[in-house]
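Reader: Could you take me through one part of this model in some detail? I'd like to see how the aromatic side chains are arranged there.

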Amino acid sequence: QVQLVESGGGLVQAGGSPRLSCAASGSIFNIKDMGWYRQAPGKQRELVASITSGGITNYADSAKGRFTISRDNARNTVYLQMNSLKPEDTSIYYCNARSDYGLLGRFDSWGQGTQVTVSS
């Protein structure tokens, strides 16, 4: 079992630059990829950014050029630096960790979510 705890959300003015953090604990040794997803009211959860254990990153088009995902493997923590926030970035942001157990398969763990509200 992997436990994920997010922090860093809140009310931000448009153009602001908050940083989200997600600390993993528990069975961390099998974690491979980590990422951030978001879900706005009435919409499906969508990928914002992901990062592999080797540091390869992937971004949604909406995040490219504004958001940066990073990972501190020693601290078992993943970060999402968000810049130039827009009202449409308002959402609940969820941390994700994908663990690989070999023949047993891969399993996703999720944090409880942190609300980011961008005021115009």
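How does Tyr 37 count, by its relative accessibility?

Author: Keep in mind that this is a predicted model. Tyr 37 counts as partly exposed, with 22% relative accessibility; buried would need under 20%. Now for its surroundings. A search through the whole structure turns up two aromatic pairs. In one of them, Tyr 37 meets Trp 110 edge-to-face, with 5.0 Å from centre to centre and 70° between the planes. Tyr 37 belongs to strand 4 (residues 31-39) and Trp 110 to strand 10, so this pair ties together parts 73 residues apart in sequence. Trp 110 is partly exposed too, at 35% relative accessible area.

The other pair is Tyr 101 with Phe 107: their ring centres are 5.7 Å apart and the planes stand at 65°, so this one is edge-to-face as well. Tyr 101 comes out as partly exposed at 27% relative accessibility, and Phe 107 as partly exposed at 44%.

Have a look at the backbone around there. Strand 9 (residues 91-100) and strand 10 (residues 106-110) run antiparallel and pair over five bridges. One of the links is Ser 99, whose bridge partner in strand 10 is Phe 107. The two strands make a hairpin with five residues between them, and Gly 102 in the turn has a positive phi of about 65°.

Back to Trp 110, where a charge comes in: Arg 45 has its charged end over the Trp 110 ring, 4.7 Å from the centre. That charged end also sits over the ring of Tyr 94, 3.7 Å from the centre.

Conventions:
Residues numbered from 1 in each chain as written. Predicted model: local features only at pLDDT ≥ 70, side-chain atom pairs only at ≥ 80, totals over all residues. Heavy atoms only, no water. Pairing = 2+ DSSP bridges. Helix = DSSP H or I, 4+ residues; strand = E, 2+ residues; numbered from the N terminus. Phe/Tyr/Trp six-rings, centres within 6.5 Å; stacked < 30°, edge-to-face > 60°. Buried < 20%, exposed > 50% of the residue type's maximum accessible area, 1.4 Å probe, protein only. Lys NZ or Arg CZ within 6 Å of the ring centre and 35° of its normal.
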